[in-house]
Amino acid sequence: MSDQKRIRVAVVFGGRSSEHAISCVTAGSILDAVRSSPDADRYEFLPIGIASDGRWVLAELPEQGGLRLSIEDGRLPAIGLPASAERSNLVTMAGDPTARELTVHEPGAVPKSLGEVDVVLPLLHGPYGEDGTLQGLLELAGIPYVGSGVLASAVSMDKEFMKRLLAQAGFEIGAYEVVRPRDWATEEGRSGVRLAVEELGYPVFVKPARGGSSMGVTRVDRQEDLDQAIEVARRHDPKVLVEAAIPGREIECGVLEGLEPLDRPEASMPAELRVTGPHTFYDFEAKYLDGSTEVDIPARLSAEEIEDIREQTIGVFETLGAEGLARVDFFYQESVDGGPGRFIVNEINTMPGFTPTSMFPQMWLAAGMTYAELIGRLVDTAMRRPTGLR
């Protein structure tokens, strides 16, 4: 593509949420994969890191002597801002659809334009990135971006409203209770929460209502441990979800937006997760640190059940108005009479984990789509999609 314009992709990663490190790992994986692929000369990448305090910086990558975007010896990466350079390389984006460019600021220097951006690849997980906030800024700026828009991102991130919409649309979901700040502010409110959770029956899972990567999630087997679990979740989100435990196998399925504007979304083959070792559920350590999981792709399901879960995955994607990509997580319960089992929707992730070992790219690899091809597909569909009402 030496005689053609390269696609200018702003890769935005890091962020203000507790999933900062996982976002960095995702960015590192994608940049490494594309740079070593046959399509490397198709793109020009502009790496933009968002520090935990919210500042945007023009990131230096390892080959430039900058940060490493990988987990090494259990150490998680982060966008750091040395005290001596806190005001250097700061990046801003104006909500101006006539500009579509980023600007970098250096102390004592005139702001410098980084030029126009063709598309943004927002690799942020959790609040302030995956929840519609960044998507709103990009809509104002008129810059195409990978993934769902403002509404779908916000609703999918807030598990309470996700569950409400899916239940209304006829999908089966598990029982749950929401703990809002006012519910936990008084002893009377806390007593009400304890009674409501007692109705769910133990064990339960306590989690931030708008979180991910299993951060802040606790399995609670008895009421005596409930209060502490809620406090752990509240460190990540003032609104907490308490879910009844659902017996069954964990099945996930990926979905991609159709190649053409009116094409139906496509679902991957489903995958089954099996947690091994000392973990009682698929927590952060099992996901990212100690490899205590085994994966079956495709999941051990009948042809009829595979068709069912793929249709439900597309249905969840369309019900929530998602775009680009998503991963939908289910619990599968076998039938007692030997017929097809049932699928209970757990949640949707509009920006799923995207390292080469993550479930989403693995499921598409099983369908014959390489990691680099998958990234190219996401960029192409994002550039085809207009910003604004659609």
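How many bridges join E12 to E13, and in which direction do the two strands run? I started my notebook with this one: two bridges join them, and the strands run antiparallel. A reminder to myself before going on: this is a predicted model.

**Entry 1: around E12**

I looked up who faces whom in the E12–E13 pairing and found Val255 opposite Ala267 in E13. I then turned to E14, which is joined to E12 by three bridges, again antiparallel. Here I noted Glu252, standing opposite Ala271 of E14. E16 came next: eight bridges join E12 to E16, and these strands run antiparallel. I picked out Arg249, whose bridge partner in E16 is Tyr332. I also checked how covered E12 is, and seven of its eight residues turn out to be buried.

**Entry 2: Tyr332 and its ring partner**

Having met Tyr332 as a bridge partner of Arg249, I wanted to see its ring. I counted the aromatic pairs of the structure as six. One of these pairs is formed by Tyr332 and Phe343; I logged it as tilted, with 5.2 Å centre to centre and 40 degrees between the planes. The pair links distant parts of the chain, since Tyr332 belongs to strand E16 and Phe343 to strand E17 (residues 342-349), eleven residues apart. Buried or exposed, I asked of Tyr332? Tyr332 is buried, at a relative accessible area of 5%. Phe343 has 3% relative accessibility, so I wrote it down as buried too, the cut-off being under 20%.

**Entry 3: helix H9**

Which residues of H9 are buried? In this helix, residues 359-366, I found Met359, Phe360, Pro361, Met363 and Trp364 buried. I followed their packing, and the partners include strand E12 (249-256), strand E16 (325-333) and helix H10 (371-384). Strands E13, E14 and E15 are on the list of packing partners as well. Two of the buried residues, Phe360 and Trp364, also take part in a cluster in which ring pairs link them with Phe354 and Tyr371. Just after H9 I stopped at Gly368, with a positive phi of about 100 degrees.

**Entry 4: helix H1**

I looked at H1 (residues 20-35) for its length: its 16 residues reach 23 Å from first C-alpha to last, close to the expected 22 Å. Why call H1 largely enclosed by the rest of the structure? Because 14 of its 16 residues are buried.

**Entry 5: the open sheet**

I traced an open sheet of four strands in the order E8-E11-E9-E10, with antiparallel pairing. Its edge strands are E8 (176-179) and E10 (218-220), each pairing on one side only. I noted an average twist of 25 degrees from one strand to the next. Inside the sheet, five bridges join E9 (residues 204-208) to E11 (residues 240-244). Pro208 has Val240 as its bridge partner in E11. Helix H6 (residues 226-234) packs on this sheet and touches E8, E9, E10 and E11; its direction makes about 25 degrees with that of E9.

**Entry 6: cis peptide bonds**

I wrote down a cis peptide bond between Tyr202 and Pro203, with omega at about 5 degrees. Pro203 has its place in the loop between helix H5 (187-200) and E9. Another cis peptide bond joins Ile297 and Pro298, with omega at about 0 degrees. Pro298 falls in the loop between E15 and helix H8 (303-319).

**Entry 7: two loops worth a visit**

Where does Arg100 lie? I found Arg100 in the loop between E4 and E5, with a positive phi of about 55 degrees although it is not a glycine. Its relative accessibility is 25%, so Arg100 counts as partly exposed. Pro97 is found in that loop too, between strand E4 (90-93) and strand E5 (101-105). Beyond its close sequence neighbours, Pro97 is in contact with Leu140, Ala141 and Gly142. I also took one distance: from Pro97 to Leu138 it is 8.9 Å, C-alpha to C-alpha, with their places 41 residues apart in sequence.

My last stop was Tyr128, in the loop between strand E7 (119-122) and helix H2 (133-141). Tyr128 has a positive phi of about 65 degrees without being a glycine, and at 43% relative accessibility it counts as partly exposed. What sits over the ring of Tyr128? I found the charged end of Arg16 there, 3.9 Å from the ring centre.

How values were computed
Residues numbered from 1 in each chain as written. Predicted model: local features only at pLDDT ≥ 70, side-chain atom pairs only at ≥ 80, totals over all residues. Heavy atoms only, no water. Buried < 20%, exposed > 50% of the residue type's maximum accessible area, 1.4 Å probe, protein only. Contact = heavy atoms within 4.5 Å. Expected span 1.5 Å × (residues − 1). Pairing = 2+ DSSP bridges. Axes fitted to C-alpha atoms, helices over the stretch in contact; angles between N-to-C directions. Phe/Tyr/Trp six-rings, centres within 6.5 Å; stacked < 30°, edge-to-face > 60°. Lys NZ or Arg CZ within 6 Å of the ring centre and 35° of its normal. Lists of a residue's contacts leave out its neighbours within four places in sequence.
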